[in-house]
Amino acid sequence: MYICCVHAPHDASKTTFSVPKNEGEKEKWEKALGMVLKKSHRVCAKHFETYDIKSTWESGEGLNKYTICLKIPRLVEGAVPKLMLNCERKVSNDQNKNVEV
Ligand SMILES: [Zn+2]
């Protein structure tokens, strides 16, 4: 099992993605996460929007079009992670609850 390389405390997802091989893409990830990424690093799904993650593969056109369910979700081309995405929302929800109490 892979472990998310983002050090910020968060509820890491079991779904992780490898760092892009493309240097330009990797730089975007590094800027977004504020850290240096190694080839062996993995970033978990919590840092991506749901539309950044592809769990199906579409191919062909018209009548020949077919969709394959991917066993391992892939990232949409050009997707860039955010340091804290789902976690930020979760924290703000918790704060609201505290106010009510
Ligand atoms: Zn993570």
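**Exercise 1. In this predicted model, find what share of the contacts between residues at least 6 apart in sequence joins residues at least 24 apart, then set out the order of the elements.**

Step 1. Take the contacts in the protein chain between residues at least 6 apart in sequence: 62% of them join residues at least 24 apart.

Step 2. Now list the secondary structure. The protein chain has 2 helices and 4 strands, and, read from the N terminus, their order is β-α-β-β-β-α.

Step 3. Finish with burial: of the 101 residues in the protein chain, 15% are buried.

**Exercise 2. Work out which residues make up the largest nonpolar core, and trace the contacts of Val43.**

Step 1. The largest nonpolar core holds 8 residues in all: Cys4, Val6, Phe17, Leu33, Val43, Cys44, Ala45 and Phe48.

Step 2. Pick Val43 from that set and set aside residues up to four places away in sequence. Val43 then touches Cys4, Cys5, Val6, Thr16, Phe17 and Pro81.

Step 3. Compare the two lists. Cys4, Val6 and Phe17 appear among the core residues, and Val43 touches each of these three.

**Exercise 3. Decide whether Phe48 and Glu49 are buried, exposed or partly exposed, and find what lies around them in space.**

Step 1. Place the residues. Phe48 sits in the loop between strand S2 (42-44) and S3, and Glu49 lies in the loop between S2 and S3 as well.

Step 2. Count neighbours. Phe48 has 22 C-beta neighbours inside 10 Å, so Phe48 counts as buried. Glu49 has 14 inside 10 Å and therefore counts as partly exposed.

Step 3. Look along the chain from Phe48. Its contacts, leaving aside neighbours within four places in sequence, are Ile53, Leu75, Ala79, Pro81 and Leu85. The C-alpha atoms of Phe48 and Leu83 are separated by 9.0 Å, although the two residues are 35 apart along the chain.

Step 4. Do likewise for Glu49: its C-alpha atom is separated by 8.8 Å from that of Ala79, 30 residues apart along the chain.

**Exercise 4. Describe how S3 and S4 pair, and explain why each strand lies largely in the open.**

Step 1. Strand S3 covers residues 53-59 and strand S4 covers residues 66-75; the two pair in the antiparallel sense over 6 bridges.

Step 2. Check the register with two pairs: Trp57 stands opposite Ile68 in S4, and Thr56 stands opposite Cys69 in S4.

Step 3. Follow the chain through the turn. S3 and S4 form a hairpin with 6 residues between them, and Gly60 in the turn has a positive phi of about 80°.

Step 4. Count the buried residues. Of the 7 residues of S3 the number buried is 0, so S3 lies largely in the open. The number is also 0 among the 10 residues of S4, so S4 lies largely in the open too.

**Exercise 5. Is Pro9 buried or exposed, and how far in space is Pro9 from Met84?**

Step 1. Pro9 belongs to the segment before strand S1 (16-18).

Step 2. Pro9 is exposed because 8 other C-beta atoms lie within 10 Å.

Step 3. Pro9 and Met84 are 75 residues apart in sequence, while their C-alpha atoms are 9.0 Å apart in space.

Terms used
Residues are numbered from 1 along each chain as its sequence is written. This is a predicted model: local features need pLDDT of at least 70, side-chain atom pairs count only at pLDDT 80 or more; totals for chains, interfaces and linings use all residues. A nonpolar core is a set of buried Ala, Val, Leu, Ile, Met, Phe, Trp, Tyr and Cys residues joined through C-beta atoms within 7 Å. A residue is buried if 20 or more other C-beta atoms lie within 10 Å of its own, exposed if 12 or fewer, and partly exposed in between; C-beta atoms are placed from the backbone. Two residues are in contact if their C-beta atoms, placed from the backbone, lie within 7 Å. Two strands pair if DSSP finds at least two bridges between them.
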